Every structure is written in C-alpha cells, then in structure tokens.
Amino acid sequence: MGSGRNHRRVAIIGGGISGLAAAFRIRELAAAREFPLEAALFEKGPTLGRALATISEDQFVIETGADSFLSEKPWALELAKRLGLEPELIGTDERFRKTCVVRAGRLVEIPEGFTLLAPTKFLPVFKSPLFSLPGKLRMAFEPLIPARRGGSDESLASFVTRRLGRGVLDRVAQPLAGGIYTADPAALSLMATMPRFIEMERRYGSLFKGLRAASRNRPVQSRGTSGARWSLFLSFRGGMRTLVEALATRLGECVRMRTAVAGLARPGGGGGGWRVGMADGVEFDADAVVVATPAYDAARLLRPHDVELARLLGEIRYSSAASVNIAYRAADLPRPPESFGFVVPVKERRKIIACTFSSVKFPHRAPEGAVLMRAFLGGTLQAEMMGLEDAAMVAAAREEIAALLGGGAEPILAHVQRWPEQMPQYAVGHLDRVAQIERHAATLPGLALAGAAYRGVGVPDCVHSGEQAAEAVLNYLQTRT
Ligand SMILES: Cc1cc2nc3c(=O)[nH]c(=O)nc-3n(C[C@H](O)[C@H](O)[C@H](O)COP(=O)(O)OP(=O)(O)OC[C@H]3O[C@@H](n4cnc5c(N)ncnc54)[C@H](O)[C@@H]3O)c2cc1C
C-alpha cells in the first residue's frame, strides 16, 4: 500500500468526539514529526460529535446530550486549550454545587462530604433525612467491615451493599449510577467505572479512612473543588458543540459527512493495508484505520477479519435514554432551584431518572428571568419509557418537575432528544473483555479502536481514547517506512 504515493493514508471511521480527537491528534503529531500523512474521517450521519449536541435558540443554550466534562481528567481540557478555546471555557456556579436525591417525593441534598458513594464525614450523614436510622448505623460500621480478598471485579451494587449497606445503594449509588451511566448497579462493573474505591478498600481497609486520607492529602486550596483554576465540571460559553465545531473547522476537508462505511477489506491479506468501502460503492485505500464507532458497529466491520473479536465487541451492551429540556419563567416557579439538579432512585417509582438545573449549574444557559432544566428518561432500569411519544415524554417530565418543585406552570420551551443505543454498559468483567478485545485488535496490523465502549464513557476518556489510537497508528506507520 502507498505505492505511487509519497504519503501515508489513515481512515478514521466515526465522527463522534473519539473519532474527531483521533483525526485531530494524528494530524497534529504527523505535522510535528514531519511525517507526510493524509487523514480522512468518515461519518455516516449528518452531524459530527453526536452526543455533544448543543442547540442555541432564543438566548437559550440547550444541551441535548453531554452538558459538561470533568477537569480532573486532563484530556478534554488540554485539547480545548490546544484548539485555542480557553477563553470560551466556563465553570460551574460553585454556590449551587449540590446534588439532591428524591426521597418520599421530596428533594433532599446529598449530605456534605459524601463522595459519590461514601461519606467522609459522619455528622452531616447523621443529620440528613436521606437515610433511615438503621441505614446510618450500618454506614457507621463501614470501617469495621473486613476488606474483600482477591482482585476480581464486583458489581457496584454488591460493593456498596457489602461496605455501606442497602440504604446507600438504594438512596445514592443506584440513582447516581443511573444518572451517570444509565446503568443497573447490579450489573455495573466497579473496576471499570470507579476503580479508586476498590483501591481504597485494598489500601486502607475502609472507604471512610481512604476518603479521609485522600482529602487530607489534597492541597488546601483545592479541597472541595478540583483545583484552584478550574471547577470540577467545565463547559463552553456556547455549549459543548464549541469543541466539535473547533475540531471540524481544523479538520476541514478531511471530514466526509453522510458517508457510511459499509465494509473493511484487507487486499493482499493485510500486508497491503485496508480498503474502506462506503455504502455508495466508493472505496478509500488506507495504510491504517481507526475504528471509532460504537462497539456494535465495530463488530460488524471487523467480523470478516476476526470472528472472536467481533463476538467480544458484540458483548458490550448499550442502553437508550432521552433528554427533555424544559424552560419556565422563573416567576412561575414557587422557589428558584438552588442546586445542580437531582437524581431519582428507582424505588421512588417516578417517570424520570434525573434532572439537571442547567441554568443554575452554568451561566449563559437561559435569558434573564428564565430557568432551563433538563430531565432524563429511560436508561437500563426504565427502558420502557423509550416507547413513549415525544409529547408523552414532555408530559412525564412536566408532571415530575411539578410534583417535586411545586407549581405546574406552562413551560416556555420543551425539546425532546432521544439517544437510542448510545450509552455503553460496562458490565462486571468489562476490563477483562476490553483487554481481550485489545489483544485481538493488535493482531490486525494498522488497526486501532477508539471510543466510549472501552475505557471510559466521559468526554475526556473519549478524547484520550482517540488520541491514543492516533498515536498508536502513527507509530505503526513510522516503523513501516
Ligand atoms: C445523553 C448523554 C449525555 C451525556 N452527558 C455527558 C456529560 O455530561 N459529560 C461527559 O463527559 N460525557 C457525557 N456523555 C458521554 C459522552 O458524551 C459519550 O460517551 C461520547 O460522546 C461518545 O463519543 P464516541 O465518539 O465514542 O461515540 P459516538 O458519539 O457514538 O460516535 C460514534 C460515531 O460513529 C458513527 N458511525 C457508526 N458507524 C459508522 C459507519 N459504519 N460509518 C461511518 N460512521 C459511523 C456514528 O454515526 C457516530 O457519529 C453523555 C452521553 C449521552 C448520550
């Protein structure tokens, strides 16, 4: 491959944030290494960035998918800086940095010092109405619970119940896992999603002790936030699409929209690189390929080359969810919301799984006098909600918001976005499966996989995965010249 050309060619399949980051990084690295390279990115849909899908309308900045990214994981922030987007970055309004949980039809704050699953302080937990008295006593025994032996994976539900009791699972861990991963905690791999809790148990014998030690070791100015400079969650003034648009502008003509890759061939048995076949019959010969699609699409493309690889990819399940953005006149709400939002335990039997108070969490999200919220429906545990029509989804979101916040005013905006089969589910054993996938992929020269399916679903993880794939592919091409 490459005959008659004085440059190498790379095809990137999938124009989500992982594929975009891969394409941008490979061009960046090739330029820095003065390596002649042509990159082409193929996206089957009409838009890039998929879940980074901001709509700007009547002074509202509406996030129908991702609304922020973590600054603790550096890759998205670093990419934004390299794209010159630092002036566009915005942090959350720290005055309202609280998340609530629905309990018996009321919003109750997650007590201060509660880090995702476990408490660092017992006093706020004991004062909180979120847990029952037996639940609080059970939590207090956490430091005395022996650490689990062996290094095997465990579900989030099993871990939390074992260490902190059923109350923490039902009231905090399940709804948070639902809000972040749209997952069933009984199936969700702790090792793939929250490995630091496993490490804490192993090292300190207790989450309480581990979290206390971690907060003591953190520099004073960063306690309570992720750093002096940036808040824990970041976005852009114009919404998450800013990142996608900046990437698209830089990538220019190397992006081919509405171009579905129908098949991958290896003419000459692999030594000849990859032939990318489009649905319309056009072909693109490449020396290397980055497959940055969801795992089920990657399985289909790679089945002819490794049946076992395709089977492993196909084992990664996905869930569906929908977001309903709703805005109200502030004056129509009985009380202004004063937190980032709330999550809903399944036990509460409500129609939504979470709700973000978007215009409280970030500035510039709604015009003066309006409040923008975003409810989520569906996920693994309430998949039946995806069968509702759009109007019924809006009605469900309105009903729940009215019940939980009071009022029942007419919204001034309502927007439904469905995300079918968009959230990969990291089941127990996920990291072993990914290691096997990577071993199989490594036997196909010039192939790299990237995306949310593998080692992290968040935007920074996806950027990292795309950038790692880019580097691997470029290193491979350089060793062959
Ligand atoms: C509703 C929602 C809210 C979220 N909120 C947050 C958040 O606040 N913060 C955060 O960090 N993360 C969030 N996430 C997670 C994060 O946004 C996603 O994990 C990430 O965007 C996935 O990117 P990706 O590139 O790996 O996959 P995708 O975005 O799925 O991109 C894959 C692309 O491949 C294309 N494709 C597939 N097959 C082919 C083919 N044969 N040929 C050509 N193209 C193909 C698809 O059309 C798609 O565009 C959220 C996700 C969702 C769905």
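Student: What makes 6 residues of domain 1 and 8 residues of domain 2 count as being in contact?

Tutor: Remember first that the model is predicted. The test is a distance: C-beta atoms, placed from the backbone, must lie within 7 Å. On that test, 6 residues of domain 1 are in contact with 8 residues of domain 2.

Student: Which classes of residue does domain 1 put against domain 2?

Tutor: The touching side of domain 1 has 4 nonpolar and 2 polar residues, and no charged ones.

Student: Where do these domains run along the chain?

Tutor: The domain assignment gives domain 1 three stretches: 8-50, 241-315 and 427-479. Domain 2 covers 98-222, and domain 3 covers 318-424. The centres of domain 1 and domain 2, over C-alpha atoms, are 36 Å apart.

Student: Now the helices. Why is the crossing of H5 and H6 given an angle of roughly 145 degrees?

Tutor: Angles run from 0 to 180 degrees between N-to-C directions, so direction counts here. The axes of H5 (residues 156-164) and H6 (residues 166-181) cross at roughly 145 degrees and come within 9 Å. H5 passes H6 in a right-handed crossing.

Student: Which residues make that contact?

Tutor: H5 brings Leu156, Ala157, Val160, Thr161 and Leu164. H6 brings Arg166, Val168, Leu169, Ala173 and Ala177. By class, that gives 8 nonpolar, 1 polar and 1 charged.

Student: How do you know that S13 and S14 are paired?

Tutor: Count bridges. Pairing needs at least two. S13 and S14 (residues 274-278) are joined by 4, so they pass. They run antiparallel. One bridge partner of note is Gly277 in S14, matched with Gly263.

Student: How many bridges join S14 to S15?

Tutor: There are 4, and these strands run antiparallel too. At least two are needed, so S14 and S15 are a pair. Arg275 has Asp285 of S15 as its bridge partner. The hairpin of S14 and S15 has 4 residues between the strands, and Gly281 there takes a positive phi near 95 degrees.

Student: What makes S13 and S15 edge strands?

Tutor: Each pairs on one side only. The open sheet has the order S13-S14-S15, with antiparallel pairing. S13 is 261-265 and S15 is 283-286. Ignoring direction, neighbouring strands of this sheet are turned by 20 degrees against each other on average.

Student: Why is one side of S5 and of S6 without a neighbour in the other sheet?

Tutor: That open sheet has the order S5-S11-S6, again antiparallel. S5 (69-70) and S6 (89-91) stand at its edges with a single partner strand each, so one side of each has no neighbour in the sheet.

Student: How do you know that S5 pairs with S11?

Tutor: S5 and S11 (residues 233-236) share 2 bridges. The minimum is two, so the pair just qualifies. Phe69 stands opposite Leu234 in S11.

Student: What makes a residue part of the shell around the ligand?

Tutor: Its C-beta atom, placed from the backbone, must lie within 6 Å. There are 36 such residues, and Gly14, Gly16, Arg50, Ala66 and Gly458 come nearest. The shell divides into 18 nonpolar, 13 polar and 5 charged residues.

Student: Which elements and domains supply the shell?

Tutor: H1 (17-32), S17 (318-329), S21 (413-424) and H16 (459-479) each give two or more residues. Domain 1 and domain 3 each supply at least three.

Key
Residues are numbered from 1 along each chain as its sequence is written. This is a predicted model: local features need pLDDT of at least 70, side-chain atom pairs count only at pLDDT 80 or more; totals for chains, interfaces and linings use all residues. A crossing is left-handed if the near helix is turned anticlockwise from the far one by less than a right angle, and right-handed if clockwise. Two residues are in contact if their C-beta atoms, placed from the backbone, lie within 7 Å. Ala, Val, Leu, Ile, Met, Phe, Trp, Tyr, Cys and Pro count as nonpolar, Asp, Glu, Lys and Arg as charged, and the others, Gly among them, as polar. Domain bounds come from an automatic or database domain assignment.
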